[in-house]
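Here is a short report on one protein chain. It takes the fold in outline before turning to individual side chains.

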Amino acid sequence: QGNFYTRAGQFRINDDGVVQDITGNILQGFQITGGTKGVAISIAAPTIINCWIHDNENTTDGSGCGISIHDPVPGCPAITDSLIYGNRCVTGGGFTATTYDCADFYRTDIYENEATGSGGGASFDADVTFTETTIRDNLAGGEGGGIFFTGNGSIALNRSAITGNTAGTNGGGLLRMAAGGPMTMENSILARNRAQQGGGAYFKGSFTANFSTIAHNEATVGN
C-alpha cells in the first residue's frame, strides 16, 4: 500500500502486475511484488521514494525485473530510500537502463537479486549515479555479479558500496564492457566480491577511485 502523489499524472498496473505508464511526479510508499517486472519507466522521470520492489521474476526473456528504465523525458528518474531485492531476470535482476537514459539512486539497497545471464544487481548502458547506496549479495550466472555496465554511459559511486556479489564468469563486483564515459568511486567500497576473473572489477576504459577501499575480492581463475 502507499500513496501516489502527482501533478496531472497517473500510472497503471498491467495484467502481469507491472507498474507502468507513470506520468506523474512521485511514487511513494508502495510495496511492488509478484509480477514479471516491478516498475517500468518510459517517457517519464518520476521519483520513487520509500518503496519495496521485490520478488518479481521473468527468466524467459526479462530484463530489469525490479526497475526498468527506457527513454525518461525530461531529466533522470530518482530512486530514494528504497529496497530492491529478490528479483530474478535474464539480465539486470534488480535494475536496467538503456542507452542515453539516466538514473540517480539515493540511500537505496539493491540486494539478493539474480540474473541468469549478466548483471545480477543491475545492467545498464546509461549515466547512473549511486549515492549512499549499497549493491550487495547479488548473483549473475554470467558477467557482472553486482553491476554489468556496457560502457557507453558513465557511472559514479559516492559514499556507496559494492559488496558480496558473485559472477559465474567475470566481474564479481562490476564489469565494464567497453570504454565510454567516466567511471568514478568517491569514498566508496568494493569488497568481498567473487568471480572467475576480476573478482572485484573487470573493465575497459578509465576508472578513478578517491578515498575508497578495494579489498578482499576473489578471482578463482585470474586477477
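Of the contacts in the protein chain with a separation of 6 or more, 71% are between residues 24 or more positions apart. The model is predicted. Its protein chain has 33 strands and zero helices. Buried residues make up 49% of the 223 residues. The chain exposes about 9300 Å², and carbon and sulfur atoms supply 47% of that area.

## The nonpolar core

The largest nonpolar core has 33 residues. Those with the most contacts inside it are Ile48, Ile67, Phe95, Phe105, Phe124, Phe130 and Ile147. Phenylalanines recur in the aromatic cluster, which is formed by Phe95, Phe105, Phe124, Phe130 and Phe149.

What does phenylalanine 95 touch, leaving aside residues up to four places away in sequence? Its contacts are Gly64, Ile67, Ile69, Ala103, Phe105, Gly121, Ala122, Ser123, Phe124 and Val128. Two of these, Phe105 and Phe124, belong to the aromatic cluster along with Phe95.

## Aromatic pairs

A search of the whole structure finds seven aromatic pairs. One of them joins tyrosine 85 and tyrosine 111: the ring centres are 5.0 Å apart and the planes meet at 15 degrees, so the pair is stacked. Planes under 30 degrees apart count as stacked. Tyrosine 85 lies in strand 12 (residues 83–85) and tyrosine 111 in strand 16 (residues 109–111), so this pair ties together parts that are 26 residues apart in sequence. Both tyrosines are buried.

Phenylalanine 203 and phenylalanine 207 form another pair. Their ring centres are 4.9 Å apart and their planes are at 45 degrees, so the pair is tilted. Phenylalanine 203 is partly exposed, at 34% relative accessibility. Phenylalanine 207 is partly exposed too, at 23%.

Tyrosine 111 also has a charged neighbour. The charged end of arginine 136 sits over the ring of tyrosine 111, 4.2 Å from the ring centre.

## Salt bridges

Side chains of opposite charge can pair when their charged atoms come close. In this model the count comes to seven salt bridges. Three of them are tabulated here.

| Salt bridge | Closest N to O |
|---|---|
| Glutamate 57 and arginine 88 | 3.4 Å |
| Arginine 107 and aspartate 81 | 2.8 Å |
| Glutamate 114 and arginine 88 | 3.3 Å |

Begin with glutamate 57 and arginine 88, whose side chains meet in a salt bridge. Glutamate 57 lies in strand 9 (residues 57–63) and arginine 88 in strand 13 (residues 88–91), so the pair ties together parts that are 31 residues apart in sequence. Glutamate 57 is partly exposed, with a relative accessible area of 42%. Arginine 88 counts as partly exposed as well, at 29%.

Arginine 107 forms a salt bridge with aspartate 81. This pair links distant parts of the chain, 26 residues apart. Arginine 107 is in the loop between strand 15 (102–106) and strand 16, while aspartate 81 is in the loop between strand 11 (78–80) and strand 12. Both loops adjoin strands already met: strand 12 holds tyrosine 85 and strand 16 holds tyrosine 111. Arginine 107 is partly exposed, with a relative accessible area of 43%. Aspartate 81 is partly exposed at 34%.

Glutamate 114 forms a salt bridge with arginine 88. Glutamate 114 lies in strand 17 (residues 114–115) and arginine 88 in strand 13, so the pair ties together parts that are 26 residues apart in sequence. Glutamate 114 counts as partly exposed, at 26% relative accessibility. Salt bridges that share partners join Glu57, Arg88 and Glu114 into one network.

## A glycine in a loop

Is glycine 151 buried or exposed? Its relative accessibility is 0%, so glycine 151 counts as buried. Glycine 151 is found in the loop between strand 22 (147–149) and strand 23 (155–158). Strand 22 spans positions of two residues named above: Ile147, among the core residues with the most contacts, and Phe149, a member of the aromatic cluster.

The C-alpha atoms of glycine 151 and aspartate 125 are separated by 6.0 Å, and these residues are 26 apart along the chain. Leaving out residues up to four places away in sequence, glycine 151 touches Asp125, Arg176, Ala178, Ala179, Gly180 and Gly181.

How values were computed. Residues numbered from 1 in each chain as written. Predicted model: local features only at pLDDT ≥ 70, side-chain atom pairs only at ≥ 80, totals over all residues. Heavy atoms only, no water. Phe/Tyr/Trp six-rings, centres within 6.5 Å; stacked < 30°, edge-to-face > 60°. Helix = DSSP H or I, 4+ residues; strand = E, 2+ residues; numbered from the N terminus. Buried < 20%, exposed > 50% of the residue type's maximum accessible area, 1.4 Å probe, protein only. Lys NZ or Arg CZ within 6 Å of the ring centre and 35° of its normal. Contact = heavy atoms within 4.5 Å. Areas by Shrake-Rupley, 256 points an atom, 1.4 Å probe, with all protein chains shown as cover. Core = buried A, V, L, I, M, F, W, Y, C linked by side-chain atoms within 4.5 Å. Salt bridge = Lys/Arg side-chain N within 4 Å of Asp/Glu carboxyl O.
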